[in-house]
Each structure stands twice: as C-alpha cells, then as structure tokens.
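Here are a few jottings on this one, in no strict order. Have the viewer open while you read.

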Amino acid sequence: MLDVTQTPLQQLLRDRRRGYTLPAAFYRDPEIFRADMEGIFKRNWIYVGVEPDVAEPGDVMTVEVAGASVLIVRDDDDEVRAFHNVCRHRGARLVHEEKGTVGNIVCRYHSWTYDLAGSLLHAEHMGPDFKACSHGLKPVHIRSLEGLLFICLADEPPADFDEVARRLGPYIAPHNVRNTKVAFQSDIVEPGNWKLTMENNRECYHCAANHPELTVPLFAYGFGFSPEEMDDYDRANAERYGCLIRDNHRDWEAAGLPSKEIDELDTMVTGFRTERLPLDGDGESHTIDTKAACKKLLGDLTNAKIGGLSLWTQPNSWHHFLGDHIVTFSVLPVDATHSLLRTKWLVHKDAVEGVDYDLENLTSVWLATNDQDSTLVGYCQSSMESPAYEPGPYSPNTEMLVEKFVNWYCGRMADYVGRRS
Amino acid sequence: MLDVTQTPLQQLLRDRRRGYTLPAAFYRDPEIFRADMEGIFKRNWIYVGVEPDVAEPGDVMTVEVAGASVLIVRDDDDEVRAFHNVCRHRGARLVHEEKGTVGNIVCRYHSWTYDLAGSLLHAEHMGPDFKACSHGLKPVHIRSLEGLLFICLADEPPADFDEVARRLGPYIAPHNVRNTKVAFQSDIVEPGNWKLTMENNRECYHCAANHPELTVPLFAYGFGFSPEEMDDYDRANAERYGCLIRDNHRDWEAAGLPSKEIDELDTMVTGFRTERLPLDGDGESHTIDTKAACKKLLGDLTNAKIGGLSLWTQPNSWHHFLGDHIVTFSVLPVDATHSLLRTKWLVHKDAVEGVDYDLENLTSVWLATNDQDSTLVGYCQSSMESPAYEPGPYSPNTEMLVEKFVNWYCGRMADYVGRRS
Amino acid sequence: MLDVTQTPLQQLLRDRRRGYTLPAAFYRDPEIFRADMEGIFKRNWIYVGVEPDVAEPGDVMTVEVAGASVLIVRDDDDEVRAFHNVCRHRGARLVHEEKGTVGNIVCRYHSWTYDLAGSLLHAEHMGPDFKACSHGLKPVHIRSLEGLLFICLADEPPADFDEVARRLGPYIAPHNVRNTKVAFQSDIVEPGNWKLTMENNRECYHCAANHPELTVPLFAYGFGFSPEEMDDYDRANAERYGCLIRDNHRDWEAAGLPSKEIDELDTMVTGFRTERLPLDGDGESHTIDTKAACKKLLGDLTNAKIGGLSLWTQPNSWHHFLGDHIVTFSVLPVDATHSLLRTKWLVHKDAVEGVDYDLENLTSVWLATNDQDSTLVGYCQSSMESPAYEPGPYSPNTEMLVEKFVNWYCGRMADYVGRRS
C-alpha cells in the first residue's frame with residue numbers, strides 16, 4: 001500500500017556498528033526471521049538433544065527446526081538416524097509425539113509404512129507403476145558428538161564439524177553423555193527473538209541483579225569486570241580467583257580432565273567455546289547448596305569437585321557438565337518474537353529418583369534462572385517496536401561473548417546473502 | 001525486506017504435476033488463499049444451507065463466505081432471498097446471530113430500517129436530498145435446488161446451474177428436503193486449508209484405518225482398490241459387490257429412485273457427482289447399527305432400505321441422502337490454514353425427538369467421522385511449512401475423485417488468473 | 001505472490017468522497033494503520049492522562065503510543081517530564097507497570113540507573129571510554145493544559161498548541177484538574193479501528209437507540225435533528241432547548257464560566273471543539289439520577305448545576321467536565337482492528353470514597369455507554385472485509401462532527417504523505 005522504503009538485509013549487515021546491539025529489524029522483522037531460518041538454521045549444525053533421548057532401537061524423538069519437523073530414531077543396528085517427518089504420499093506428519101517407540105514408521109492417514117532406515121515397505125492401492133523405492137523418507141544429516149546430537153538440514157553441512165568433534169570430544173568424554181538418562185526436561189517459550197535469548201545467555205553481567213539462585217555456585221569474578229572500577233578489596237579477590245583457576249586447571253588436566261579455554265565462537269563456521277571453571281561454596285554442582293545433586297557420579301568420575309565444564313555452540317546451544325549431572329540447553333526459534341528454550345537435566349542412567357537424586361533439588365537453580373532470563377528477554381523484545389530504540393554499546397569487560405555471537409551471526413548471514421545474490 | 005523470488009500463481013498452475021498433490025504454497029500461502037476467495041468462492045455457486053433453515057416468513061440465517069456476511073431471509077411472499085448483511089449508512093453488520101426471526105431488518109446503530117425485500121424503509125435525520133431508493137440492501141444471487149440453497153457472490157453467476165438442477169433434481173426430490181427440519185447442526189473448525197478438507201472428503205482410502213464408525217454402514221469395496229493386489233477371496237467379494245450395485249440400481253430406478261452415477265466433477269463449471277449405493281449390514285442408514293435412525297421416513301418413502309444417495313458439489317459440499325435422514329456438509333474457508341466444516345442432520349419435519357428419533361443415535365457416526373477427519377487434515381497442514389514436503393502421487397485406484405477436485409480447482413483458477421491478466 | 005494492484009494512499013485520499021465514510025482500507029489495512037501511526041500519532045499532540053496521574057515527585061506513569069512506550073514522571077522539582085521507556089544499553093523496557101513510584105529509574109537487566117531528569121547516573125563495567133552523558137534517556141515533548149497531559153513524539157511538535165492552550169484554558173480552569181484525583185480508571189479494548197472509535201464518539205445520532213443511561217442527563221435535541229422531519233410538538237421543544245442554551249450561556253459566562261462553542265475541529269492542526277451545555281433532569285451531572293455524584297464540588301465551584309463542558313481534541317480524546325467530577329477519555333490504537341479506550345473519572349482530591357461519593361454511582365453511566373459503543377464499533381469493523389461495504393452518507397444534521405473528524409484526518413494524512421513524497 002505505502003511505498004515504505006525498506007533497507008535490504010545486505011546493507012543492514014554492512015552498516016551495523018560493531019560492539020553494539022543489532023538494529024531493531026533483526027529482532028522483530030518477520031522477513032529477517034525467515035532469512036535467519038534459511039541462512040542460519042537450515043545451513044548450520046543445530047543442537048537438538050542427546051543420544052539418551054533415543055536410548056533403545058525403535059525409540060523416536062521429533063524436533064521442529066526452521067519449519068521442518070525432523071524425526072530422530074535409533075534403528076535396529078543401534079544407529080541414530082534422522083529423517084524429515086513427512087509422508088511421501090499426501091504429506092501427512094508421521095510421528096506426532098515428541099518422544100515414543102515404534103516398530104516401523106506408519107502414516108496414520110493411509111497406512112504407508114516405512115522401516116527405521118526410511119525405506120517405504122508398504123503402500124496399498126498404488127498400482128503396478130508405483131515405485132516404492134522412490135518414495136522413502138528424506139534423510140537429514142545427524143552427528144553425535146560424544147552423545148550430543150546435532151542435525152543439519154542443508155545438503156552439504158559445514159565440513160568443520162570433524163575438527164570441532166576432535167577438539168571438543170576429550171572435554172566431554174569424561175562426563176559420558178551416552179551413559180546418562182534424561183531425568184527432566186523443561187520447554188518454555190520465551191517472548192523474544194531467538195537472538196535475544198542467545199545474547200542473554202552469552203553474558204553474566206545481568207546475573208548479580210537477576211539470578212539469586214545461579215550466583216550461589218558461580219563466582220562473581222567469572223562474569224568479567226572493569227578493572228578501573230575496582231577497589232583494593234575487589235582487586236585482591238579477583239587475583240585470588242585467577243590463581244584458583246590456574247591451580248584447578250593444572251590439577252584437573254593432570255587428572256585427565258581437559259579444562260583450558262578454547263574459544264572459536266566467531267572464528268569457525270561451527271563456532272564454539274568451552275572451559276572448565278571452579279565453583280563457589282562446596283564447589284560440586286549447580287545446586288542451591290552447591291553440593292552434588294546426584295549420588296551416582298557421571299562416567300568413571302570418583303570426585304564431584306571438578307568444577308563445571310561449560311560449552312557454548314553457535315547458533316543455538318549451551319551446556320554445563322558437572323561431576324554429578326549435565327544441564328543442556330537448545331534454543332529453537334518459533335517466530336520473529338518467540339523462542340522455545342528446551343532444557344534437559346541428565347544423570348547417570350542407573351541413578352534412581354528419590355534414592356540417588358531429588359528432582360526438585362536437581363532442577364531448581366536452572367528452572368528459576370530460565371524463568372528470570374525469559375522475563376529479561378521479554379523486556380528487550382518490548383522495545384523493538386519503539387522509535388526510540390537504537391543499538392547500544394556492549395560492555396568491553398562483560399559482554400565479549402555476546403559480541404562474538406553477533407559477529408558470528410552477521411558473518412554467517414553476510415555469507416548467506418552473498419551466495420544468494 | 002528480502003528479495004525472495006516468488007513464483008506467480010499462473011506459473012504454479014502451469015507447472016503443477018497432474019496426478020499429484022499441489023505444491024505447498026496452495027495449502028498455506030495467504031496470497032493464494034485470497035486468490036482462492038476471489039477466483040473460487042466469489043465466482044462459483046457455494047452451498048450454504050437448506051430451505052428449512054429459514055422455514056417461515058421472517059426467518060433469517062447468516063453465513064460468512066469469502067469475507068462477505070450474507071443474510072438469507074424468507075420474505076412475506078415465501079420467497080427465499082439473500083442480501084449482503086451490511087447497512088448502507090456506516091456499514092454496520094445488520095444481523096448478528098446465525099439464525100433468527102425478524103419483522104424488518106433494522107440496523108442497531110442508527111435504526112435504518114429495511115424490509116424483507118431489501119428496500120430502505122426509513123432513515124432518520126438524513127435531510128431532503130437523501131435518496132432512500134439508492135440505499136437498499138445489496139442483493140446476492142441465490143438458488144434452491146430441491147431445497148438445497150446455493151449462493152453466488154458474482155454479478156454473473158455460472159450459467160450451468162440450470163443444467164445441474166435439471167439433472168440432479170430427480171435424484172434429490174424423493175428425499176423432499178423442503179419437508180424436513182434441521183434436527184442438529186455441528187460447526188467445527190478444521191486446522192487446515194479448505195482444499196485439504198475437500199481432498200480428505202473426496203476419498204475413502206483413509207477410511208479403513210481411521211473411521212471405525214463410518215465403515216460399519218459402508219462397503220469397503222466401494223472405496224476403490226488395486227486389482228493387482230487382490231487374492232481370490234477379495235476378487236470374489238468385489239465381484240459380488242458389483243452385482244449388488246447392478247441389481248439395486250435396477251430395482252431402485254424401477255421404483256422411481258434415480259441411482260446411476262453422474263460424474264461431472266471436473267467437466268462442468270458447477271462440478272458435481274452423484275450416485276446411490278447400497279449399504280452394508282441392515283442397509284438402512286449411516287448409523288452404528290445400520291438401521292434407520294428416524295421412524296418417520298423422508299418424503300413419500302415407505303421403505304428405509306434404499307441405500308445412500310451421495311452428492312458432491314464443487315467447491316465446497318457433500319451430502320448423504322438416506323431413507324430416514326439427510327446429512328449435509330458445507331466447507332467455509334476461514335483463513336489459509338483453517339476451515340469451518342458445517343454439518344446438518346435433517347429429518348422429516350413432523351418427526352419428534354425422543355419419540356421418532358434419538359439425537360445421539362442420529363448423529364454419532366458423522367460426529368465421530370468429522371473429528372477423525374479434522375485430525376487427519378491437521379496432519380497434512382503440519383507439513384506444509386516443511387522444506388521436505390513435495391507433491392505426492394494419488395492412488396489411481398482410490399483417489400480419482402481427489403484428482404478431479406484438484407483438476408477442477410486448477411482449471412477454475414487458471415480461468416480466473418487468465419481473465420485478470 | 002499475486003500482482004494485486006493496490007491503490008496508493010495518496011490516491012485513496014484524493015479520491016475519497018466528502019460527506020461519506022472512508023473506503024474500507026482505511027479501517028482495516030495494516031499498512032494504512034502503520035501510516036496512521038507515522039502520520040497522525042507520531043506527529044500530533046496526543047492526550048494521554050492528567051497531572052493527578054503523577055501527583056507526587058517520583059510518581060511515574062507509562063503509556064503506549066504508536067509502538068512507543070513513554071514514561072511520564074514528576075521530578076524532584078515538581079516538573080512533569082516524559083521519556084522513552086527504553087534503556088540505552090540493550091534496549092530493555094525500564095518501567096513495566098502503568099503506575100508506580102520510583103527514586104531513580106533503574107533498568108532491571110544490568111542495573112543502568114537514570115535520574116528523574118533522564119541522565120544516566122551509573123553503568124557498571126563499561127570501561128574508561130564510555131560516555132555516560134551520551135546515554136541519557138530520550139526525552140518526549142509533554143505539555144499540561146490546565147492539568148490535561150498531551151505528549152508529542154515528533155521532533156518538532158505542532159506549534160499551535162500555545163493558541164489552543166490560550167483559548168481552552170479559561171474553559172477548563174474552573175474545574176481545576178490539578179486539584180483532583182483519579183477515582184477510577186477503565187481500560188477496554190474495542191474491536192475496531194481507532195477511527196471507528198473516534199467516529200462513534202463524534203455523534204449522538206446513535207444515542208437514542210443504544211444509550212439508555214446516557215440519554216437521561218443529555219437533552220435529545222442536543223444531538224442534532226432534521227428540521228424537515230419535525231412536527232409542531234418537536235419544533236416547539238427544539239425552540240425551547242435553543243432558548244435554554246442562550247439563557248444558560250449568558251448566566252454561566254457572567255458567573256465566570258466560559259461556555260460558548262469554539263469549533264476548530266478541522267481548521268487547526270491541533271483540532272479541538274468545546275461547548276458548555278445544559279443537562280436534562282436535575283441538570284447536575286452524568287449520573288443515572290442526574291444529580292451530582294460527589295458532594296465535594298470541583299475547584300471553587302459552589303453550585304453543581306453548571307451543565308456539562310464538553311471538550312473534543314483531534315485525534316484521540318474527549319472529556320466531560322461537570323460541577324462535581326470529570327470524565328476523560330483517550331483512544332490509543334492497538335492494531336488496525338483494535339483500539340484501547342482509557343477512561344478516567346476525576347473527583348476533588350479531598351473527596352472520600354463512600355463518604356463524598358459512591359464509585360458505582362459515579363461511573364455507571366459511562367461504563368455502560370462505553371460497553372455499548374464498543375459493540376457498535378465492532379458491528380462496523382465486521383463489515384470492513386465485505387465486498388459489499390462502500391462509503392455511506394453522513395447525516396448533514398447529526399453527523400457533522402464525524403465529518404469534521406474525517407476531514408481533519410484526511411488533511412493531516414495528505415500533509416504527511418505529501419511531505420514524504
């Protein structure tokens with residue numbers, strides 16, 4: 001109707017100011033959201049769950065990514081496979097629950113039947129000219145990184161996943177994800193663009209004022225700080241914290257627990273960062289009393305006091321590996337202004353609820369933290385329609401990882417837009 | 001924002017693959033939905049209800065078609081008329097209920113008053129220059145086919161309705177729609193594009209796996225089958241069913257009940273199909289026990305065992321005329337992904353609820369079937385955003401009528417787009 | 001997808017028929033809604049509330065106008081200020097309640113802290129290069145017209161506000177808005193475009209048939225009438241009403257209460273109209289028994305029987321100043337088809353609920369009237385998707401002010417579109 005002059009995405013990316021939040025259109029525009037789905041979520045490795053989600057042959061899980069419903073199934077040879085959850089006949093969705101167990105994959109509409117390797121076994125009434133072999137389920141790329149499942153909807157996924165797996169594997173292996181079970185899963189829809197959810201995760205500048213539970217096990221000095229603003233007391237504490245990290249890293253690495261920071265957040269296509277950090281208090285876990293929430297430790301670990309290994313992957317995940325449990329998060333965009341945050345708590349697969357762990361104790365810190373973060377994300381989203389919003393400056397001391405997330409995003413989008421033009 | 005290259009409708013129609021479902025855009029795109037409303041629902045005869053809906057002078061019914069609210073009223077000369085339900089003053093909607101009885105049609109806003117023939121009788125304060133005669137209600141074309149009401153929003157409706165009425169009239173007449181009453185009406189909103197609702201109706205390939213109630217009175221062999229897949233037992237049964245139809249048609253036609261198939265689903269602008277088929281079990285009605293649900297039979301019928309006369313009209317209706325009752329369905333698109341399915345059960349107007357018929361027994365088969373179909377339609381709609389969806393093949397043995405529906409739709413749309421360009 | 005030819009706004013404005021309602025696009029099109037926000041709500045003085053909403057230093061109120069959240073605060077020097085409610089760091093909304101009291105304005109995300117004059121007092125961890133003085137809250141223009149608060153989101157607000165204040169001030173002053181309190185506030189979302197809500201307010205042609213409560217204190221002859229349609233009885237009554245106004249105006253003006261009509265509804269950028277009119281019955285107030293609802297009269301008034309001073313401002317307000325209370329309305333567009341109607345009832349600030357006034361008696365007339373109007377607005381909105389809607393004629397006797405509203409709107413929009421092209 002109106003000839004509203006709209007700035008092309010390419011120019012928005014070129015003009016954006018480094019070290020500042022993005023222009024509002026990136027957080028609210030449905031067209032940019034669609035571009036995000038094409039340029040980011042259909043091209044990159046997306047974290048979606050863990051092998052224990054499909055522990056046994058026939059176990060199936062579905063996940064929605066960028067408009068695609070994907071079914072992940074463990075086949076009879078114990079291999080985890082992924083397929084588009086779409087019948088090749090009339091397009092009906094095949095599996096309707098998030099989790100289940102099947103023999104074959106049978107469409108409820110006209111009973112077309114696929115095996116766990118995706119082949120069409122049976123379709124009635126289709127006549128002699130019909131070729132079943134041309135109507136198998138469409139496969140989706142899937143990789144397991146020590147039990148963490150990543151899918152890629154592109155025909156040719158980013159090749160650097162092998163390198164990521166090689167470098168990250170030794171960090172994760174001691175926590176033995178494959179030997180865990182999902183003790184609890186929480187799905188919440190945050191009232192914000194997925195990038196606001198990610199930016200919120202990439203800094204702890206907001207933790208002191210908003211996360212009373214999370215700041216119990218975490219050291220405040222780990223969040224970053226401006227050295228100019230510190231008094232002597234602060235400076236002494238920060239120094240002590242630095243020593244603690246150095247000592248711990250030395251001990252943990254000696255004990256076979258890789259701990260030193262790797263940061264490839266904006267330097268690889270499959271960007272990631274990891275580091276093992278000491279915990280405050282009793283130093284055992286992300287719990288209110290900072291003690292292990294589960295008596296059975298993970299893998300072959302015999303000591304709970306091994307700090308927390310944090311892992312971040314672009315574009316949509318973060319994870320905390322403790323000695324006694326793992327908390328793992330994936331962000332799945334819903335629309336331009338809503339994002340699903342899926343959180344899973346993993347414990348040793350032989351741990352017994354009520355005996356080895358108490359579910360409320362296990363989950364309370366991050367359930368509370370997620371709720372608080374969701375509110376904060378909504379506060380930012382609220383302003384994205386305001387004529388007064390303009391990109392604001394990231395703190396050079398506490399928001400470096402946010403900046404790296406935004407840099408990675410802009411780089412990947414520029415690459416996508418460039419290829420299309 | 002983005003220069004997403006969008007395929008024009010004309011090209012999508014030209015490129016579509018015959019014998020396959022349509023490309024996803026036809027089932028999800030709001031622009032194509034708007035084109036459907038212009039090209040199909042504002043140009044063709046749309047089935048909206050029955051004369052018994054407005055049995056007495058002053059009875060009024062409203063129906064929403066393609067953004068238009070239409071009021072259908074029986075005037076004081078017993079003529080059924082249709083008007084746009086819009087006051088000519090400030091545009092206020094005039095009648096707000098789906099059914100009612102009025103003397104005149106009075107706007108609640110400023111009391112402008114129209115008679116049942118649509119003339120403006122009274123408008124206060126409009127001054128001496130105001131011409132009431134230029135401000136009557138805008139008429140809508142309406143035709144009654146033996147009591148079935150069809151409206152057309154176009155200035156010049158398709159002319160072939162006369163032929164349709166001439167050929168269909170003798171099939172419907174024995175069931176005497178005008179002498180019935182609406183015993184029950186159900187409105188459900190299916191979570192799918194109207195074409196998915198129609199396609200679902202045009203085949204019974206899905207019945208065996210999904211409609212335990214409906215398959216009691218219906219013969220399985222009536223749904224179509226692939227001869228190559230049959231064993232001797234199946235073949236013998238199918239042959240017996242063929243003989244049954246031939247014998248029944250001969251007897252029914254001799255008794256004054258036209259029964260033989262007419263199929264003009266994709267060969268006329270006002271496409272339709274009809275056929276009378278024997279029923280399974282006791283062979284009397286669409287009920288769980290296959291016996292008549294109403295003791296008073298329709299019209300002058302004296303025998304309930306006359307099978308079921310089915311009628312399909314393009315773009316939006318189907319009907320089952322039994323000896324004891326009629327079930328009649330209209331599909332009214334809501335938006336690109338939602339469709340209203342309106343079902344009415346008609347019985348003899350003198351039949352008494354609780355004496356001649358039990359409402360639950362009368363309605364249970366189709367209430368259950370509609371619910372099941374709504375779920376199936378939703379399964380297909382779910383996949384229309386998936387990058388993996390692609391048009392799939394219709395069964396040449398069981399989905400011929402679906403294909404004819406799609407052919408009719410594409411032909412009408414090509415005609416519409418052609419005229420506009 | 002389709003090449004739907006859309007008429008540009010400029011041409012729609014040029015082609016519209018004077019004396020008739022607007023084409024449907026103006027009441028339903030999201031693009032025109034966006035243009036309304038830019039051309040009307042971001043350029044003109046918008047009525048948003050009263051000084052008693054922020055009676056004390058630190059009192060803060062938020063209001064949503066055209067996508068902007070604005071916070072209005074009384075600072076420590078008793079000055080009322082307005083700011084965009086957006087943190088300059090990550091854009092988080094600052095104040096989340098409609099009403100509150102604060103010391104400073106503290107962002108809940110990272111604790112950035114602003115004083116009541118909008119300056120950034122404190123932002124942690126931002127490093128030595130960060131300039132706090134460049135990151136203050138963005139101010140919004142605000143004016144108090146004898147206690148009525150108007151904001152303007154434009155950089156350069158319409159300059160004629162001074163003239164409006166000069167001419168209107170003496171009418172309002174005797175009711176002493178600043179010396180009142182908000183006894184009750186009602187927010188309802190009407191199911192219609194904001195212009196339908198405004199048009200509904202600008203005439204009382206619909207009152208007789210729809211507002212049984214409001215028509216008790218109001219004289220029917222005040223709504224306008226067609227002289228041609230009157231009989232001798234009507235004519236005599238209308239004449240008596242004319243005399244009553246003349247006599248009352250003479251007496252009231254003599255007593256220091258300006259009363260004569262000023263009408264600049266479509267002749268000024270900041271269009272307005274005011275007039276004091278006698279009330280029917282006991283003539284004291286907008287109540288069911290037409291008596292004063294509050295024992296404590298406003299300002300220095302000693303007599304409740306001073307009729308009702310009505311005030312209308314373009315684009316979004318109307319007000320009724322009685323001797324004992326004030327009812328004041330603002331319309332805040334939500335989207336193309338929904339509008340927030342905010343109504344406040346003001347009484348003397350020392351009046352005590354239950355002693356000096358009864359809340360139900362105070363509010364019942366306008367709560368009922370608002371509900372009735374909301375329904376009527378919805379009736380019109382319902383037709384805006386209908387192909388049958390076309391602009392209809394305004395009554396030259398009862399809808400003159402509606403016409404002036406539409407003229408003002410079209411003039412302002414033509415000016416806006418002209419400047420942009």
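The points below cover chain symmetry, an annotated domain, a small sheet and a helix pair.

1. A caveat before anything else: this is a predicted model, so read each point with that in mind.

2. On symmetry, try laying chain C on chain B. A turn of 120 degrees with a shift of 0.1 Å along the axis does it, at an RMSD of 0.0 Å. That is how copies about a three-fold axis are related.

3. In chain A, an unreviewed UniProt entry puts the feature "domain: Rieske" at residues 47–151. Over that stretch of chain A, helix content is 0% and strand content 42%, and the C-alpha atoms at the two ends sit 7 Å apart.

4. Chain A also has an open sheet of three strands, ordered 6-7-8, with antiparallel pairing. Strand 6 (105–106) and strand 8 (120–122) of chain A are the edges, each pairing on one side only. Between strand 7 (residues 113–114) and strand 8 of chain A there are two bridges; A:Tyr114 has A:Leu120 as its bridge partner in strand 8.

5. Over in chain C, look at helix 5 (residues 194–201) and helix 9 (residues 400–420): their axes come within 8 Å and cross at roughly 145 degrees. The crossing of these two chain C helices is right-handed. Helix 5 of chain C brings C:Trp194, C:Lys195, C:Met198 and C:Glu199 to the contact, while helix 9 of chain C brings C:Val402, C:Phe405, C:Val406 and C:Tyr409.

6. What classes of residue make up the contact of helix 5 with helix 9 of chain C? Six are nonpolar and two are charged, with no polar ones.

How values were computed. Residues are numbered from 1 along each chain as its sequence is written. Chains are lettered from A and ligands numbered from 1 in the order in which they are written. This is a predicted model: local features need pLDDT of at least 70, side-chain atom pairs count only at pLDDT 80 or more; totals for chains, interfaces and linings use all residues. Side-chain values use heavy atoms; hydrogens and water are left out. Axes are lines fitted to C-alpha atoms, for helices over the stretch in contact, and angles run from 0 to 180 degrees between N-to-C directions. Helices (H or I, at least four residues) and strands (E, at least two) are DSSP runs, numbered from the N terminus. A crossing is left-handed if the near helix is turned anticlockwise from the far one by less than a right angle, and right-handed if clockwise. Contact means heavy atoms within 4.5 Å. Ala, Val, Leu, Ile, Met, Phe, Trp, Tyr, Cys and Pro count as nonpolar, Asp, Glu, Lys and Arg as charged, and the others, Gly among them, as polar. UniProt positions are given in the numbering used here, feature names are shortened, and annotations may be inferred rather than shown by experiment. Copies are superposed by least squares on the C-alpha atoms of residues with pLDDT of at least 70 in both. Two strands pair if DSSP finds at least two bridges between them.
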